[in-house]
Amino acid sequence: MLKAASRRLFPLHLAPIDDFFLRDDRADYPMTYASNLFFTGMFDRQAFEAALADAIDTHPLMSALIQPAKQNKLCWVDSRGVSPQLS
């Protein structure tokens with residue numbers, strides 16, 4: 001499996017479009033959504049969680065947080081190991 005570059009990535013300033021989407025997110029015009037998926041058959045949670053961990057290793061922004069950082073501007077920052085919760 002490919003791994004993300006080992007060079008220091010965070011904190012990373014938001015791209016202008018990311019900043020726009022974050023600021024424009026409101027109830028009338030949301031920029032995020034939740035999705036429910038329904039499947040049939042047996043679910044292999046261990047395999048799914050392993051695949052999710054590989055995806056996060058390859059794409060660190062998938063688990064990053066947005067907080068003030070460099071120059072007190074909004075930046076992508078490392079989530080410090082906090083993983084998405086699955087239910």
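Phe21 lies in helix H1 of this predicted model, and with a relative accessible area of 37% the residue counts as partly exposed. Together with Ile17, Phe20 and Met31, Phe21 makes up a nonpolar surface patch of about 360 Å².

Helix H1, which covers residues 16-24, also holds a pair of charged side chains. Asp19 forms a salt bridge with Arg23, and the closest N and O atoms of the two are 2.8 Å apart. The two residues stand four positions apart in the helix, so that about one helical turn separates Asp19 from Arg23. The partners differ in their exposure class, since Asp19, with a relative accessible area of 22%, is partly exposed, whereas Arg23, with 61%, is exposed. Side chains of opposite charge can pair when their charged atoms come close.

A salt bridge also links Arg26 with Asp24, and here the closest N and O atoms are 2.4 Å apart. Asp24 is buried, because its relative accessible area of 19% falls under the 20% limit, while Arg26, with a relative accessible area of 42%, is partly exposed.

Helix H2, made of residues 45-58, carries another such contact, in which the side chains of Glu49 and Arg45 meet in a salt bridge with an N to O distance of 2.9 Å. As with the pair in H1, the spacing follows the helix: Glu49 and Arg45 are four residues apart in H2, and therefore about one helical turn separates them. Both ends of this contact are partly exposed, Glu49 with a relative accessible area of 36% and Arg45 with a relative accessibility of 38%. A search of the whole structure finds three salt bridges, among them the one between Glu49 and Arg45.

From the helices the description passes to the strands. Three strands form an open sheet in the order E1-E3-E2, and their pairing is antiparallel. Strand E1 (12-13) and strand E2 (65-68) stand at the edges of this sheet, and because each has a single partner strand, one side of each is left without a neighbour in the sheet.

The pairing can be followed residue by residue. E2 and strand E3, which spans residues 74-77, pair in the antiparallel sense over four bridges. Within this pairing, Ile66 has Trp76 of E3 as its bridge partner, and Leu65 stands opposite Val77, also in E3. On the other side of the sheet order, E1 and E3 pair in the antiparallel sense over two bridges, and there the bridge partner of His13 in E3 is Cys75.

What, finally, joins E2 and E3, and which residue between the strands takes a positive phi? The two strands form a hairpin with five residues between them, and in this hairpin Gln71 takes a positive phi near 55°. The hairpin thus brings together the edge strand E2 and strand E3, its partner over four bridges.

Technical notes. Residues are numbered from 1 along each chain as its sequence is written. This is a predicted model: local features need pLDDT of at least 70, side-chain atom pairs count only at pLDDT 80 or more; totals for chains, interfaces and linings use all residues. Side-chain values use heavy atoms; hydrogens and water are left out. Two strands pair if DSSP finds at least two bridges between them. A salt bridge is a side-chain nitrogen of Lys or Arg within 4 Å of a carboxyl oxygen of Asp or Glu. Buried means under 20% relative accessible area, exposed over 50%, partly exposed in between (1.4 Å probe, protein chains only). Patches are made of residues with over 30% relative accessible area and no salt bridge: like charges are joined within 9 Å, nonpolar side chains (Val, Leu, Ile, Met, Phe, Trp, Tyr) within 5 Å. Accessible areas come from the Shrake-Rupley method with a 1.4 Å probe; for residues, only the protein chains shown count as cover.
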